[in-house]
Amino acid sequence: MPEQKRSARLSSSQPDPRADRQRSSRRKASTTDHVFVGFDLIFVVLLGGLHALPTAYPKFWWLQLLCAAGLAHRVARAGIGRSAFLGWAFGTAWLCVGTWWLYVSMHRYGGLSAPLAGGAVFALSAFLSLYLAAAMALFAMMRRHRLWLDALIFGGCWLLAELARGFILTGFPWAASGYAHVDSPLAALAPLVGVYGIGAVAAVVAALLVLGLRDASQPGGAAAVGACAAGIVLVGLAFLKLPTFSGASGTLQLALLQPNVPQNEKFAVEVLPQNLAWAADKLMAAKGDLVIAPETIVPLLPEQLPPEYWQPLLKHFQRGPQAGLFGRPLGNLETNYTNSAVGISRDTVKMVDGFYRYDKHHLVPFGEFIPAGFRWFTNLMNIPLGDFGRGPRVASSFPVKTERIAPNICFEDLFGEELAARFADEQVAPTMFANLTNIGWFGDTIAVAQHLHISRMRTLEFQRPMVRATNTGTTAVIDHTGRVTDSLAPFTQGVLVAPVTGRVGITPFAWWASRFGLLPLALGALVPMLFALVLRRRED
């Protein structure tokens with residue numbers, strides 16, 4: 001018995017190589033955390049800025065993966081507070097670069113001073129990046145030093161941050177990471193999980209690339225396993241052939257108007273008559289089954305618009321073979337006014353006022369509605385018609401021949417889950433989307449390309465074409481595979497004449513998002529974290 005006790009003491013006193021490695025790792029981390037805090041900050045800010053670029057230039061989709069991998073690398077061993085700070089810095093740089101064009105709308109067209117406009121862009125980016133800060137702190141709390149589990153946890157945390165940014169306080173999901181992959185192998189997942197699901201998968205792939213390198217607690221070869229797994233995912237998706245969930249319905253010949261009116265002339269009294277005359281002339285002269293003009297191409301309320309202008313337009317489409325769909329505000333200044341799309345055809349004669357009406361539901365904060373407590377800020381800018389009423393979330397489609405056209409205005413096409421609400425009943429679901437927008441507020445910036453790729457992502461999610469009639473560009477026809485089949489050059493005036501083929505059928509994304517919104521993604525993000533909690537209890 002004494003010999004057994006002595007042997008047990010000697011055995012327990014033997015060094016544990018794994019424990020030694022962990023203690024050594026902690027000592028090194030405590031030293032380098034102080035030495036490289038400045039380096040880490042500069043590094044993640046650079047990565048965050050670069051991370052925004054593929055949303056405008058999706059041929060560089062791989063850059064999004066590398067930048068997200070860089071963030072995962074820096075937070076893999078960081079503490080909770082440091083992880084939160086790095087996530088916030090990364091996110092702030094990401095959004096400052098991805099949405100810097102807000103400065104143009106506030107300063108050049110809104111009249112806000114340059115320092116205030118620049119400060120507002122930074123403040124908005126910094127605030128919205130608190131979600132990513134919280135997500136990285138959560139990752140630091142939940143990681144278990146197991147390659148696959150930690151990669152899934154990182155992807156889940158990333159997903160929760162993007163869902164929060166796209167939903168809380170009406171949401172601002174511009175430059176969401178999934179848009180970088182509209183031309184990447186991950187685009188194959190769009191009809192299954194949508195843009196946020198693509199972003200989550202990209203985050204998992206990015207984490208697999210680096211977690212095995214950074215975490216000294218990982219077993220040998222983990223880095224190679226992670227890199228191989230990431231490669232297998234990307235290559236597999238590149239060759240994945242999903243079933244086609246939709247089929248052709250019918251073809252319309254379109255005429256899409258692009259007036260190219262500079263934003264500083266949009267409401268200018270001295271040029272308004274000639275702009276209105278151009279719009280009326282092109283609307284009534286265009287050929288095809290459907291003529292579409294952009295958001296507020298007629299920028300006057302009904303009480304401000306002369307009857308001799310409106311009545312000829314109304315009668316032209318009510319009595320002719322064509323249909324027209326164009327943007328104009330409706331209502332009045334005293335009670336309520338809306339940012340609307342008006343559809344006119346022979347079939348709308350019996351409708352109220354003789355036309356189909358779509359009222360924009362998802363309004364732009366500060367530009368179309370004033371958040372509580374911020375009227376002082378909007379009063380600093382010169383924004384006409386800045387407090388619109390809100391339309392219904394689920395609206396009927398505009399029927400033209402055999403097709404059902406679902407209008408959306410401006411940045412409403414960022415909210416795929418809201419567009420999905422129109423697919424709850426397959427019998428009346430849209431066969432195509434029409435985006436009417438005036439992106440002239442943001443000048444000749446990356447916003448033009450970003451918005452085009454956002455529309456392309458919607459076509460992949462729903463396997464529906466999207467036709468875009470814009471003020472300054474990009475006016476285009478996008479088919480159900482995300483391919484731009486016809487377009488006008490941005491910042492030119494003209495009429496795009498092109499065919500578009502509608503589609504029927506429901507994608508998996510349209511089915512579940514129309515019923516449950518984004519809830520399935522949020523619940524899916526929590527699954528690896530719940531597994532990590534169970535694992536922690538067993539280990540304790």
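Ser105 lies in helix α6. The model is predicted, and this serine is a good place to enter it. Ser105 has a relative accessible area of 12%, so it is buried, the cut-off being under 20%. Leaving out residues up to four places away in sequence, Ser105 touches Gly110, Trp441 and Phe442. Ile439 stands 334 residues from Ser105 in sequence, yet their C-alpha atoms are 9.7 Å apart in space.

Helix α6 itself covers residues 102-109. Its buried residues are Leu102, Val104, Ser105, Met106 and Tyr109. An α-helix has 3.6 residues a turn, so residues three or four places apart point the same way. Just after α6 comes Gly111, with a positive phi of about 80°.

Next, the helix pairs. Two packed helices are described by the angle between their axes and the distance between the axes. Helix α5 spans residues 80-98, and helix α7 spans residues 114-128. Their axes come within 8 Å and cross at roughly 135°. Angles over 145 degrees would count as roughly antiparallel; α5 is therefore oblique to α7. The crossing of α5 past α7 is right-handed. From α5, the residues in this contact are Trp88, Thr92, Leu95 and Cys96. They meet Phe122, Ser125, Ala126 and Leu128 of α7. By class, the contact of α5 with α7 holds six nonpolar residues, two polar and no charged.

Helix α5 also packs against helix α9, residues 147-167. Here the axes come within 14 Å, and the crossing angle is roughly 45°. Angles under 35 degrees would count as roughly parallel; α5 and α9 are therefore oblique to each other. α5 passes α9 in a right-handed crossing. Phe90, Trp94 and Leu95 make the contact from α5, with Trp158, Glu162 and Arg165 on the α9 side. Four of the residues in the contact of α5 with α9 are nonpolar, none is polar and two are charged. Leu95 appears in the contact with α7 and in the contact with α9.

A third pair joins distant parts of the sequence numbering. Helix α8 holds residues 130-142, and helix α18 holds residues 519-539. Their axes come within 10 Å and cross at roughly 30°. That angle is under 35 degrees, so α8 is roughly parallel to α18. Leu138, Met141 and Met142 of α8 meet Met529, Ala532, Leu533 and Arg536 of α18. The contact of α8 with α18 divides into six nonpolar residues, no polar and one charged.

Now the nonpolar cores. Which residues touch the most other members of the largest core? They are Trp174 and Leu290, in a core of 131 residues. Helix α10, residues 190-214, gives the largest share of this core, 14 residues. Apart from it lies another core, of 25 residues, including Leu283, Ala286, Val291 and Phe317.

Leu290 has many partners beyond its neighbours within four places in sequence. It contacts Leu252, Gln253, Leu254 and Ala255, among others. Ala323, Gly324 and Leu325 are also in contact with Leu290, as are Phe398, Val400 and Ile405.

Ser345 shares part of this neighbourhood: Ala323 and Phe398 are among the residues it touches. Phe317, Gln318 and Gln322 are also in contact with Ser345, not counting residues up to four places away in sequence. Ser345 lies in the loop between β4 (337-344) and β5 (356-359). Its relative accessibility is 6%, so Ser345 counts as buried.

Finally, the backbone. Most residues other than glycine have a negative phi, and most peptide bonds are trans. Several places here depart from that pattern. His145, not a glycine, has a positive phi of about 60°. His145 is found in the loop between α8 and α9. At 31% relative accessibility, His145 counts as partly exposed.

Asn260 also has a positive phi, near 55°. The loop that holds Asn260 runs between β1 (247-258) and α12 (272-285). Is Asn260 buried or partly exposed? Its relative accessibility is 22%, so Asn260 counts as partly exposed.

The last stop is a peptide bond. Gly473 and Thr474 are joined by a cis peptide bond, with omega about 0°. Thr474 is found in the loop between β9 (466-470) and β10 (476-478).

Key
Residues numbered from 1 in each chain as written. Predicted model: local features only at pLDDT ≥ 70, side-chain atom pairs only at ≥ 80, totals over all residues. Heavy atoms only, no water. Core = buried A, V, L, I, M, F, W, Y, C linked by side-chain atoms within 4.5 Å. Buried < 20%, exposed > 50% of the residue type's maximum accessible area, 1.4 Å probe, protein only. Helix = DSSP H or I, 4+ residues; strand = E, 2+ residues; numbered from the N terminus. Contact = heavy atoms within 4.5 Å. Axes fitted to C-alpha atoms, helices over the stretch in contact; angles between N-to-C directions. Parallel < 35°, antiparallel > 145°, perpendicular 65-115°, else oblique. Left-handed = near helix turned anticlockwise from the far one by under 90°. Nonpolar A, V, L, I, M, F, W, Y, C, P; charged D, E, K, R; others polar.
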